[in-house]
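Got your viewer open? Let's take a short walk through this one, stop by stop.

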Amino acid sequence: MMPWDAPAPEKAGRPSAFGLLPEDLKALGCPNDPAHLFSLLQRPWTWAEGAPKLGKENRAFLESVADLSLPGIEESSESSDGARKLALKLSDGRRIETVHMPRAVKNARVTMCISSQVGCAMGCTFCATGAMGIQRNLSAGEIVGQVLSVMSSLGPGTSSRLTLVFMGMGEPLHNLDHVHRAIRVLTNASGLCIPARRITVSTAGLVSGIEKLARLKPRPLLALSLNASNDADRSRTMPLNRFWNLEKLRAALDTWHLRSNEKFTFEYVLLAGENDTDEDADRLVAWLGTLHRGHNLNLIPMNEHAASEFRQPVEARIQAFSDRLKSYGCFVTVRRSRGRDVNAACGQLVK
Ligand code: SF4
């Protein structure tokens, strides 16, 4: 077992209460209706003072079998665009980052960008989290706990307005068991009941994880962080590509049987002089093959930071790259990352 595979330290061997499903509570001897107790834990808009109201008997039971501590918000920085980068402290003192992004309209929907690991082992050279290395996996309870903790202090006041993206710190498919358990908790009808189609798991291309997740239920949406159009370039910026190259990655996508209206999202961080030529766009379309139409292609101009030498292409090059892809019929969005002025944007999360 590698060090980061070790489960999160749990108080006196007790699991986090926030990663337990109703059937787990029942198996642990819950004295009342397990689905009701689960709903008390999982609905932060019913909490008082940032903690679930449980009643004496439920609290005594939970304290005897589980850990009731939540990741606490330690720091909060608000960007001029309304996004907030939050630093959350875990029970062992380590910190993760979560980004809260409300849309600027009344009753705004909120997208929350959540972390799955402390640091990341993938070492992508354009990414500040990658420069940290991996410290450990988050447990399912810590993943769910960050969502509940942030919702209880910043909203939204109902999960029907919440969208989750696993695009924070870590490679979620490198921690798939805990990530998938968290998804089972988050989608459970007695809790937040977030539809799986409003949860996106973004991967750097961990082929074994894609193949495994393709068979799991509930199955979230998949986003793939591509970032290069040939193996030589991709292996240089994303070392994972040396094990799972573009050919293997493309084959893995064919094992994912898309539901009706389900789309992949392909993310492509544009790096000046590295992956932003017209030839790169042509190769990208060739690699996508039948997937080049009808799916989402997000171009993300590099968010510059001190841990990487890469720079953002000039605006005219970004536009030319986008136009080239559109000329093939691709659906292209240029994503202006939110939270850029507080280092909360893609590839900038680091603690
Ligand atoms: S881009 Fe994603 S997978 Fe790559 S190092 Fe950063 S967090 Fe890890």
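A quick word before we start: a residue counts as buried here if 20 or more other C-beta atoms lie within 10 Å of its own, with C-beta atoms placed from the backbone. By that yardstick, buried residues make up 45% of the 351 residues in the protein chain. Keep in mind that you're looking at a predicted model.

**Stop 1: the whole chain.** Show the protein chain as a cartoon and you'll have 11 helices and 12 strands to explore. Switch to the C-alpha trace, and its principal axes span about 65 × 40 × 40 Å. The radius of gyration is 20 Å, which agrees with the value near 20 Å for a compact globule of 351 residues. Among contacts with a separation of 6 or more, 69% are between residues 24 or more positions apart.

**Stop 2: the sheet.** Now pick out the strands of the open sheet. Going across, you pass β1, β2, β3, β4, β7, β8, β9, β10, β11 and β12, 10 strands with mixed pairing. Why do β1 and β12 each have one side without a neighbour in the sheet? Select 72-78 for β1 and 331-334 for β12: these two stand at the edges with a single partner strand each, so one side of each is left free of a sheet neighbour. On average, and ignoring direction, neighbouring strands here are turned by 25 degrees against each other.

**Stop 3: around β4.** Zoom in on residues 110-113, which make up β4. On one hand there's β3, paired with β4 in the antiparallel sense over four bridges. On the other there's β7, residues 162-166, which runs parallel to β4 and is joined to it by four bridges. Click on T111: M101 stands opposite this β4 residue, and T111 also stands opposite T163 in β7. Then try C113, whose bridge partner in β7 is V165.

**Stop 4: a helix over the strands.** Select residues 140-154 to light up helix α5. This helix lies across β1, β2 (84-89), β3 (95-102), β4 and β7. Line up your view with β3 and you'll see α5 running at about 50 degrees to that strand.

**Stop 5: the ligand.** Last, centre on the ligand. Which residues are the closest to the ligand? Look for C120, M122, C124, C127 and G130, out of 12 residues that surround the ligand. Colour the shell by class and you'll get five nonpolar, six polar and one charged residues.

Conventions:
Residues numbered from 1 in each chain as written. Predicted model: local features only at pLDDT ≥ 70, side-chain atom pairs only at ≥ 80, totals over all residues. Pairing = 2+ DSSP bridges. Axes fitted to C-alpha atoms, helices over the stretch in contact; angles between N-to-C directions. Contact = placed C-beta atoms within 7 Å. Rg over C-alpha atoms; globule rule 2.2 N^0.38 Å. Buried ≥ 20, exposed ≤ 12 C-beta atoms within 10 Å, placed from the backbone. Near = placed C-beta within 6 Å. Nonpolar A, V, L, I, M, F, W, Y, C, P; charged D, E, K, R; others polar.
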